[in-house]
Each structure stands twice: as structure tokens, then as C-alpha cells.
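Reader: I would like to learn how to read the ligand sites and the empty spaces of a model with some care. Could we work through them in turn?

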Amino acid sequence: MSKQSFQLSAADFAPAPPATHAERIVRPSLSYWQDAWLRLKKNRRALSSLYLVIALLLFTLLGPWFWTQDYTLQDLDMISQGPSWGSAALVVEDPGAWEGVRGDALPLPQGQELGATTQLTVEGAATTQYVRLYWNAVPGAQHYLIYRNDHAPDSGQDLGLPLGETLRPEELSFADRLQLRPQTYWYTVIASDGLTEAASGTTLAVTTERAITTTQARERGLEATVGASVQLPAHPFGTDYLGRDVLARIMEGARVSLFIGIVAPLLFIAIGIVYGGICGYFGGTLDIVLMRIADFVIALPFLLFMILFRIGFGIGPGESGIFPMLLALVLLSWPSSARLVRGQILQIRGEAYVQAARMLGARSLYLIFRHLVPNVMGPILVTLTFAIPMAIFTEAFLSFIGMGVSPPTPSWGAMSNEGIRTMLSSPHELLFPAFFISLTVLAFNLLGDGLRDALDSRLRSRE
Amino acid sequence: MLIEATALRKFFSLSGGRQVHAVDEVSLGIAEHEVVGLVGESGSGKTTFGKTLIGLHDKSGGEVRYRGELLPARYGAADFRKQASEIQMIFQDPYGSLNPRMTIFEIIAEGLAIREGRSLAALRDKVVYWLERVGLHADHLSRYPHEFSGGQRQRVGIARALIVEPKLLICDEPISALDVSVQAQVVQLLGELQASMGLSMLFIAHDLSMVRYVSNRMAVMYLGSLIELGPAEDLYFRPLHPYTQLLIASNPEPDPEHERQRQDQLISGEIPSPVDLKAHCRFAGRCPKAEARCFEERPALREVLPGRLVACHLL
Ligand SMILES: Nc1ncnc2c1ncn2[C@@H]1O[C@H](COP(=O)(O)OP(=O)(O)OP(=O)(O)O)[C@@H](O)[C@H]1O
Ligand code: SF4
Ligand SMILES: [Mg+2]
């Protein structure tokens, strides 16, 4: 810059206009929790798991208002049905109304073999309620054996399930009521002279259609005239081995699972806070003694105590025991949270702000409620969100091995236990409860992860 | 003397029965309105001395008298309450010394709220006064500590300690965590407050250059013991103890001319650990002038010149 060109005038020295606040960047002051919430909201994984947790809670609490099917209602005609959105059904007369068909026993002509059954016919409509068969008498037959198969039998060898046999030669009919589903069945009727069966029988393919009896229709408040078509309730998650609605049972089971999952951690963490708080705050010999006790409790085998509590409460095998499960969880799980709280308190107690408060004359209660508690809340909340899935899983596991909730009370674990028996034929009975267990455990774990990141004050104050 | 420590001792027990001799028989007094600078390398026990002096650590030995009255060896909440209006402390770490869950207002008002049991709202004017006095703004009242810089937090710590108007202030390295430019501001602020309130101060630092401006006397610690004590300027320009000489020589000179001439006698080796110390001169392992008896006998702090106390066999 050349010196000549640099000219100053008096105007250059006029005072600047008073500074306005226009340029001041004002950011609202955020408390610890507000700030943590903002960070949690930025974490998309944690936020979606939070929504998932809320959805699960709503599902449990509000679900039964909208899904009004009775979770205890057994429908033996709808056993182990896959997911379906309702189905039409025919109303048919009660099974007892049919007296069957009788004929005359025919003598076996000399020198003849026992022949095959003829004229095998279905009486009325073939439905899931019953398939009524009748046939012509076979000369020399003392009784008839009835078989059912779900595929066409080849070469007369695999006739399928032996459904039963008639008792007298005059009885020429049979009503099949055994777990019928809407599908095609192959019935075979073979005559027998009491000692040997006929060499061949007659096979008839029958396609059943869904039906309910007039009595059942009446019980459900549906139109109860024979021949009417009614709409059966939907089972979006299918039905279980007793024909109960899996969705309704999942909702009801969630209550048990989430009750244990939330109440047990709340209780044992509360114990942990008090216990660990006392250890951490007072320290010294008391701390040493109390922590040895906690170590001792940690070493106790959970399952053994679970069994002892059940025996202690007089709960036999196969009976429901929510309370002993809760008790065992609470009594054996608190030491880990006590340890955590103790560690936190020890650390915070050494922080300079606590020493500053002591220098200012703070009493114990003031220190505890003003400095220690607010600063351990974060880690405790994180522990809680991790303890919830753990407790849910423990409940599921215990119910699964038959030590927790037992039928008829549903819980996800108990339902999985029931479902595993029919895993191959109707996997949905296992998959739905297992899916909900996994989903809940995952959601709480992800939420805990997110919370831990959001609440990490070190990240925040020492950036 | 306002406060006087005699043969004060603080040992920490480690596992296996070993002991850290963090403070080993330190005798030091602070007169009314006096500022004593306490310097030493990291780990020499300055913080531990400060905290043991005012009761934040239980004493392992020795005694402390405040205005002639013996202070308890082990403090309870009531003892702290009794001395709250007399003695306060500013902590070394400006990050850990403010509760992250409290607003600046709550933090500064804490002392008055505890002492007077008054509602926070009634204390607002006084808090604002102190906030402005330490160079912060009333806008800052509802903020949280994480929104502040290290220097600002240190000012909050100063306001918290001084709002109860103590007579004695322990400043534990109030500036070492700060930028050099901010260091001078905070030292100046403390100097002003000290003068206007007639405070007595123990000013802890690990280098002498800044402390000498605010201190009347300076004390040098090494490995838990006090090795030199004397008037600030005198000690700075004419250090007597071999360790102090090295410590001052290793200080960078602001004047490049002097800096070039400075004979580079840096102290060799690390400061040894103060675990299970033997009875010999603490500095013997690193002392360029060490003699045989230095390894056998621990030198006592003696007055070698008027007002100058040194712990060295050679003097
Ligand atoms: N609570 C404790 N338990 C065990 N040892 C401790 C404890 N506090 C301090 N020490 C030890 O005591 C010695 C002195 O520590 P102190 O904090 O007083 O040093 P300092 O001079 O303040 O150092 P700095 O300049 O780094 O703050 C160190 O060796 C330290 O490891
Ligand atoms: S006593 Fe000996 S070792 Fe210790 S400082 Fe003096 S000369 Fe050095
Ligand atoms: Mg220190």
C-alpha cells in the first residue's frame, strides 16, 4: 500500500453506531436431558427402536381393545391353522343328529373271498365338522375298517391313518370327526370278516369345506340355520394347537413378558441404587462387608434358586408361577446394578464439584440428591434399558423350560414352548412368539445403545 | 499466621501395603492478606497438600491450626460447614469442578443457598453481582457448564468460592488448564480480588514465572517435601536449592536474547514415584551436586539466610 493513497478524513473518526444485537448468535440453553434427547433424536437407529418400544407397549396395552378375541377360547375345529384373514363357513347340523346307515349283514357265498366295498358315498356335504361315509354291505363282512389319507394311496399300500372300525356287520356308515381341515382327503373302507381283511378296499376322494355346527354358531352369535354361510373370525397369526387365536395370545402374553421385563429390572435396580449408593457413599468397612455379600449373591445359581422358590411357594411342576420368577430375578440380579451404582458414586464423589459442595458445607442428603443422584441417573437409565430385554429373555427362557408361566396363561416363552412341539407341521405357532421376543429384545438393546451414547456426559462436556 | 501446617503428612495406601508419600512432613504457614505460591513438578504433592490442609483429605500426620485453633484430623460435614465462610478452594480441573446438571446460577448460588437456606430466587442479585465481578454476563445465568470455555468455567469456580466471602482461598493451578492469553487474565482477576477482599491465598502452580507476580512468598515442593521457601522475587532471582535452580533455569525466558544465553541445564530424568520413600534427600537421585550423605540423611528445612528456608545439606 503506497503511503500517498492512504488518506484519512475527520469522518473516519466518527464513532461507530451502537452495536446492535443482530449478530449475536443466540442458542437456547439446553439442560442435560434436553441435550441428551436432541442427541438421541439424531441417532436414527435409537429413535426407531424407541418408536418400536412405544409401539410394542401400545400393542400390549391397547391391542386387546381393538382385537377383542378371547385368548382362552378354544376352537377345536381350527387347530393349528396358519395365518388367515377370516374365512366363510357353512353352518351344518350338529354331528349327533346323524344316526348313520344300517343294512343287512349278507352271508358270504361259498368259496368266495371277501370283496371290496362298493358304493362308497358321502352323506350330505363334506365339511370340516364331519365327513359322513356310507357304503353297501359286503357279503361276509363282520365289520369295516376306515382309513384316511391326505394324498391318493397308491397300490393300496399306504392307506393313511386308521380312523376306526365299525362294530357290527349291520353298520354301514362312519362319521369322521378327527381334526378335519379344508382340503382333500382320501378315504378307504375295507371289509373284514373278523380275522382277515379284504384284499382290497374302495378309495374315495373327498374335499371338505369349512363349516361350523349350529350349536357353535349359536355360541358365537352367528346365524344358526343349517345351510347358511357365515364369516368366521380372522386369525392373522393363525391359531395354536387348541385352536386359540395366536394374535390375542401374543397380546396377552406380552403383558406377562413385559410385566416381568419391566417390573423386575425396576425393582432390582431400585435395590441396586440404594445398596450401591450406601456402599459408594459411606465406603470403609461397611462398603467392604456389603460388597462381599453382593459378590456372594452374584455367585448363587439362578436356576437352582428359581426351583427352590417354586418349591417354597408350593408351586408344582406345570403350574404358573409369576411371583417366584419375579422374586428370583429381583433377589439374584440386584448385585450387578449395585456394583454399577457404587462405582458411579465412588467416581462422582471424588469429582471436584462434590468436593466444592462439601467445602461449602453441604450435608449428606444435599450431596446425594443434588449432586450424586442426578449424575448417576444417566448410567442407571442405560442399565435399565439393557436389563429389560435380559429379564424378558429370562422369563421367556424359564417359561420355555416350563419353570415360569404355564398354560393357560400365555407368555411369549410359554407360547414358544407350546409352539415348538408343532414346529414342523405349523411353524407359525413358534415363529410369532419367537419373533416378538426377538423384536422386543432387539428394540430395547438398540435403545439402550442409543441412550448410552446420548447420555455420555464426557462426550458432551469435554468435546 | 492465619493458617499454619506443622509437619503435615498425607500418605495414600496402595494395594500390597505400599504407601504413597504424597505429602511428607510439610510445614508451611500463610499470614493474613498474604499470597503464598506453591510450585513443583506434576506429582510433587501440591494438590494433596492443599486438600489435606483444608480437610478434603484426612491427615496422616501433623497438624493444622487456623487462627491458632487446631483443625480436626478428619472432617465431617459439620466441620466443613463451620469453616465454609472462612476457607474455600478453586479446583485444578475446570471441567470436573462444575456439576454438569446444574445451571451457572445454581452453581454460584450453591454456597449461599447451603449456608443461609434461602430460596435461590432471593440470591439472584448477589449472584449476578459476582458473575459480573468475575467478568461473565448475567445472560449466562441459565446456561450449563458445557456451554462454556475452560477460562469461563474457571471464573465460575472463582465466583462460587468467593461469593461466601472467605478469608483464605486455595487456588489449585487455576490457570494451568488455560491458554496463555487467558492465564494472564485469570491471574489478574485473582490478584484484584485478593487485594480488594484482603484474601489470603495459597496459589498452586507448576511453573514459577506467572506465580511470582501474585505471590508474596514462594514455596517449592519436590516429591512430597517442601525444599525451599522464601520471598517470591528473591527466590526467583536467587534460588538456593539445586532443584529450584534447575527448575528456574529450565523456564523459557520471554526475552530471546536471554533465552539464547540461558545455560541449558534441564533437569535430567523423570520425577521418581513417591512410593515407599527411603530416608534420604528426595532429590538425591537427580541432583548434580549430590554427595554421599545426601543418600543417607534427609536434610531439614533450615533458615540459611534471613527469610530464606532451604532443605539441602550443602547450604
Ligand atoms: N487418591 C490418591 N490415591 C493414591 N495416590 C494418590 C492419590 N492422590 C494423589 N496421589 C499421588 O500422590 C502424588 C501427589 O499427587 P498430587 O495430585 O498432589 O500432585 P500435584 O503436585 O498436584 O500434581 P499436578 O501438578 O499434576 O496436579 C502423586 O504421586 C499421585 O499419584
Ligand atoms: S541434599 Fe544433597 S542431594 Fe539433596 S539437594 Fe542438597 S545437594 Fe542435592
Ligand atoms: Mg495437582
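Author: What follows takes the two ligands, the largest pocket and the cavities of this structure, which is a predicted model.

Reader: Let us begin with ligand 1. Which residues are the closest to ligand 1, and how many surround it?

Author: A ligand site can be read as a shell of residues. Here 14 residues surround ligand 1, and the closest of them are Ser42(B), Thr47(B), Thr48(B), Gln92(B) and Glu173(B). By class, that shell is made up of four nonpolar, seven polar and three charged residues.

Reader: Which elements of chain B each supply at least two residues of this shell?

Author: Strand E2 (19-30) and helix H1 (46-53) of chain B each do so, and H1(B) provides the largest share, three residues.

Reader: Which polar side-chain or backbone atoms lie at what distances from oxygen atoms of ligand 1?

Author: It helps to keep backbone and side chain apart when reading such pairs. On the backbone side, a polar atom of Gly45(B) is 3.0 Å from an oxygen atom of ligand 1. On the side-chain side, a polar atom of Lys46(B) lies 2.9 Å from an oxygen atom of the ligand, while for a polar side-chain atom of Thr47(B) the corresponding distance is 2.5 Å. As for cover, the protein takes up 66% of the 630 Å² of accessible area that ligand 1 has on its own.

Reader: And how does one find space that no atom fills?

Author: Rolling a probe the size of a water molecule over the atoms shows where empty space is left. In this model, the largest pocket holds about 880 Å³ of space. It is lined by 27 residues, of which Tyr281(A), Arg349(A), Arg358(A), Asp58(B) and Arg74(B) are the closest to its centre.

Reader: Which elements give two or more residues to that lining?

Author: From chain A they are helix H4 (246-282), helix H7 (322-349), helix H8 (352-359) and helix H9 (364-400), and from chain B they are strand E1 (3-13) and helix H2 (77-83). The largest share, four residues, comes from E1(B). Sorted by class, the lining of the largest pocket has 13 nonpolar, nine polar and five charged residues.

Reader: Turning to the cavities, how many are there of 30 Å³ or more?

Author: The count comes to two cavities of that volume or more. The largest cavity has a volume of about 80 Å³, and of the 13 residues that line it, the closest to its centre are Cys281(B), Cys287(B), Cys294(B), Cys312(B) and His313(B).

Reader: What takes up the space of the largest cavity?

Author: One should remember that a cavity is found on the protein atoms alone, so that a space counted as a cavity may still hold a ligand. In this case the space is taken by ligand 2. Ligand 2 is surrounded by 13 residues, with Cys281(B), Cys287(B), Cys294(B), Cys312(B) and His313(B) the closest, and its shell has ten nonpolar, two polar and one charged residues.

Reader: Which residues line the second largest cavity?

Author: The second largest cavity, with a volume of about 50 Å³, is lined by Asp240(A), Tyr241(A), Val246(A), Arg249(A), Met415(A), Glu418(A), Gly419(A) and Glu429(A). Both H4 and helix H10 (412-421) of chain A supply at least two residues of this lining, and H10(A) gives the most, with three. By class, the lining has three nonpolar, one polar and four charged residues.

Notes
Residues numbered from 1 in each chain as written. Chains lettered and ligands numbered in written order. Predicted model: local features only at pLDDT ≥ 70, side-chain atom pairs only at ≥ 80, totals over all residues. Heavy atoms only, no water. Near = heavy atom within 4 Å. Polar contact = N/O pair within 3.5 Å; in protein donor to acceptor, adjacent residues only side chain to side chain. Areas by Shrake-Rupley, 256 points an atom, 1.4 Å probe, with all protein chains shown as cover. Nonpolar A, V, L, I, M, F, W, Y, C, P; charged D, E, K, R; others polar. 1 Å grid on protein atoms, 1.4 Å probe; cavity = no way out; pocket = protein on both sides within 12 Å on 5 of 7 lines; lining within 4 Å. Points joined across faces, edges and corners; volume = space filled by probe spheres on them. Sits in = over half its atoms within 2 Å of the grid points.
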